[in-house]
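Me: Please take a close look at a single part of this model. I am a first-year student, so keep the sentences short and give each term its cut-offs.

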Amino acid sequence: MRIMQREPQRVDFIQRESARFRGLLNDAGISTVDSETAVVPVIAGSDESAYDLATTYRKNGAIGLPVVTPAVPNDLARLRIAIIAAHTASDITFAAEALIDSARECRII
């Protein structure tokens with residue numbers, strides 16, 4: 001039997017916390033486009049903005065991987081944030097707050 005079948009609460013947690021994370025970001029004015037998965041795209045705009053956001057986010061205590069052209073269209077560079085079952089609700093809150101602070105520092109919002 002697979003872990004997902006034995007422990008469905010893990011999937012429930014990831015779905016719930018991913019939605020909460022996206023909601024916190026969206027409420028602050030950060031675009032996550034139409035994402036509905038545990039891999040959350042955070043739109044930064046230009047490649048340079050994505051790199052700046054990733055660097056600032058890391059400085060503020062969390063990690064988001066930049067995805068830039070040609071992997072994404074011009075002006076849709078982003079960070080890729082993955083929510084996993086090992087995160088706690090507090091981790092998700094911290095990550096969202098650090099990302100919001102980072103986006104403000106980088107003048108994305």
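Reply: Here is a close look at helix α2 and the parts around it. The model is predicted, so to speak of a local feature takes pLDDT of at least 70, and side-chain atom pairs count only at pLDDT 80 or more, while totals for chains, interfaces and linings use all residues. Residues are numbered from 1 along each chain as its sequence is written, and side-chain values use heavy atoms, with hydrogens and water left out.

Start with the helix itself. Helices here are DSSP runs of H or I with at least four residues, strands are runs of E with at least two, and both are numbered from the N terminus. Helix α2 covers residues 8–27, which makes 20 residues. From first C-alpha to last, α2 reaches 29 Å, close to the expected 28 Å. That expected span is 1.5 Å times one less than the number of residues.

Next, its two sides. Buried means under 20% relative accessible area, exposed means over 50%, and partly exposed lies in between, with a 1.4 Å probe and protein chains only. The buried residues of α2 are F13, E17, S18, F21, R22 and L25. They sit on the same side of α2 because they cover an arc of only 155° around the axis. The arc is taken from the directions that run from the helix axis to the C-beta atoms. An α-helix has 3.6 residues a turn, so residues three or four places apart point the same way. On the other side of α2, Q15 and D27 are exposed.

What do the buried residues of α2 pack against? Their partners are β1 (39–45), α3 (47–59), β3 (77–82) and α4 (89–105).

Take F13 in helix α2. F13 counts as buried because its relative accessibility is 14%. Contact means heavy atoms within 4.5 Å. Not counting residues up to four places away in sequence, F13 touches I84, A85, H87, T88 and A89. F13 and D27 are 14 residues apart in sequence, and their C-alpha atoms are 21 Å apart in space.

Now go further along the chain. Just after α2, G29 takes a positive phi of about 100°. S35 has its place in the loop between α2 and β1. With a relative accessible area of 13%, S35 is buried. Leaving out residues up to four places away in sequence, S35 touches R22, V40 and P41. R22 is one of the buried residues of α2.

Then there is the core. A nonpolar core is a set of buried Ala, Val, Leu, Ile, Met, Phe, Trp, Tyr and Cys residues joined through side-chain atoms within 4.5 Å. The largest one has 23 residues, and those touching the most other members are F21, L25, V42, Y57, L79, I81 and L99. At least two core residues come from each of α2, β1, α3, β3 and α4. The largest share, seven residues, comes from α4. In soluble globular proteins, nonpolar side chains tend to be buried together.

Y57 shows how α2 joins in. Beyond its neighbours within four places in sequence, Y57 is in contact with residues including F21, L79, I81 and L99.

Compare L53 in helix α3. L53 is buried, at a relative accessible area of 0%. Apart from neighbours within four places in sequence, the contacts of L53 include V42, A44, L79 and L99.
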